[in-house]
Amino acid sequence: MLEIQIGPHAFQLLGDKGLHWLQERALFVADTHFGKEATFRHHGIPVPIGSTQGTLIAITKMLAHTQATRLLILGDMFHAKSSLSEDVVRDLTSFFTRHREVTFTLIRGNHDARLGQLPSAWPLELSNPVAWMDRIALGHHPLALPLNADVYLCGHLHPAIEVGSRRDRLGKLPCFWLHDGCLVLPALGMFTGTASISPATGDRVWTIADGVVQCWQ
């Protein structure tokens, strides 16, 4: 965990790829892509099962660690309509039941737009971007900092930093990326890829390796 300050707001960057807003006891995550493995199997592509459970375990760990009372998903909660398989619905229902003290909000992403009706029993508030909490704007796609916002929180990009040199590439590390007041969260889903970013002068980047958050620049 690493504490940072953006304007007047104190945040904690978590090694499990979440963002905790201390003032509001709110936990933000992005791009969970629940049920992506179910979608692949639906199309006849054999992939390992268990990514949804693993992602839910990570969220449960962050909720316990931060004692957050709100969970906000910054888009792409699910991968596709076929992601809502019987086992995925069962796992999510059990998760919501275990966390009755938490309020849940989904800021719709591009993948969520194709879902259709979600189970009515889920205590999930749906919101279209851009949503607001005080002077913090929330969305899925990166945008220019909205007027009167101190920071804009989003996802979508699955940001990562290339490690190593051009001749000796060592791979990529997922990261948090602050660019012109827009803080892009890393993708939380365990069955998602990453996209390399090229930070500009003045940007701030924090990488995650083995659950440890470090300042990159």
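Which residue just after H2 takes a positive phi? That residue is Gln67, with a phi of about 60°. Before going further, a word on the model and its numbering: this is a predicted model, in which local features need pLDDT of at least 70 and side-chain atom pairs count only at pLDDT 80 or more, while totals for chains, interfaces and linings use all residues. Residues are numbered from 1 along each chain as its sequence is written, and side-chain values use heavy atoms, with hydrogens and water left out.

**Helix H2**

Helices here are DSSP runs of H or I with at least four residues, and strands are runs of E with at least two, numbered from the N terminus. H2 covers residues 51-66, and its 16 residues should span 22 Å at 1.5 Å a residue; the expected span is 1.5 Å times one less than the number of residues. The end C-alpha atoms lie 23 Å apart, which agrees. Several residues of H2 are buried, among them Thr55, Leu56, Ile59, Met62, Leu63 and Thr66. Buried means under 20% relative accessible area, exposed over 50%, and partly exposed in between, with a 1.4 Å probe and protein chains only. As a reminder, an α-helix has 3.6 residues a turn, so residues three or four places apart point the same way.

**Positive phi in loops**

Two loop residues other than glycine also deserve a look, and they are set out below.

| Residue | Phi | Loop | Relative accessibility |
|---|---|---|---|
| His33 | near 45° | between S4 (26-29) and H1 (36-42) | 5%, buried |
| Asn148 | about 75° | between S9 (136-138) and S10 (151-154) | 52%, exposed |

**Around Val130 and Trp132**

Val130 sits in the loop between strand S7 (124-127) and S8, and a cis peptide bond with omega of about 5° joins Pro129 to Val130. Trp132 belongs to strand S8 (residues 131-133) and is partly exposed, at 41% relative accessible area. Together with Leu143, these two residues, Val130 and Trp132, form a nonpolar surface patch of about 260 Å² accessible area. Such a patch joins nonpolar side chains (Val, Leu, Ile, Met, Phe, Trp, Tyr) within 5 Å, from residues with over 30% relative accessible area and no salt bridge.

**Cysteines**

The structure holds 0 disulfides, a disulfide being a pair of cysteine sulfur atoms within 2.5 Å. Cys154 is in none, and its nearest cysteine sulfur, that of Cys182, is 3.4 Å away. Cys154 counts as buried at 0% relative accessibility, and Cys175 counts as buried at 0% too.

Terms used. Patch = residues over 30% accessible without salt bridge, like charges linked within 9 Å, V, L, I, M, F, W, Y side chains within 5 Å. Areas by Shrake-Rupley, 256 points an atom, 1.4 Å probe, with all protein chains shown as cover. Salt bridge = Lys/Arg side-chain N within 4 Å of Asp/Glu carboxyl O.
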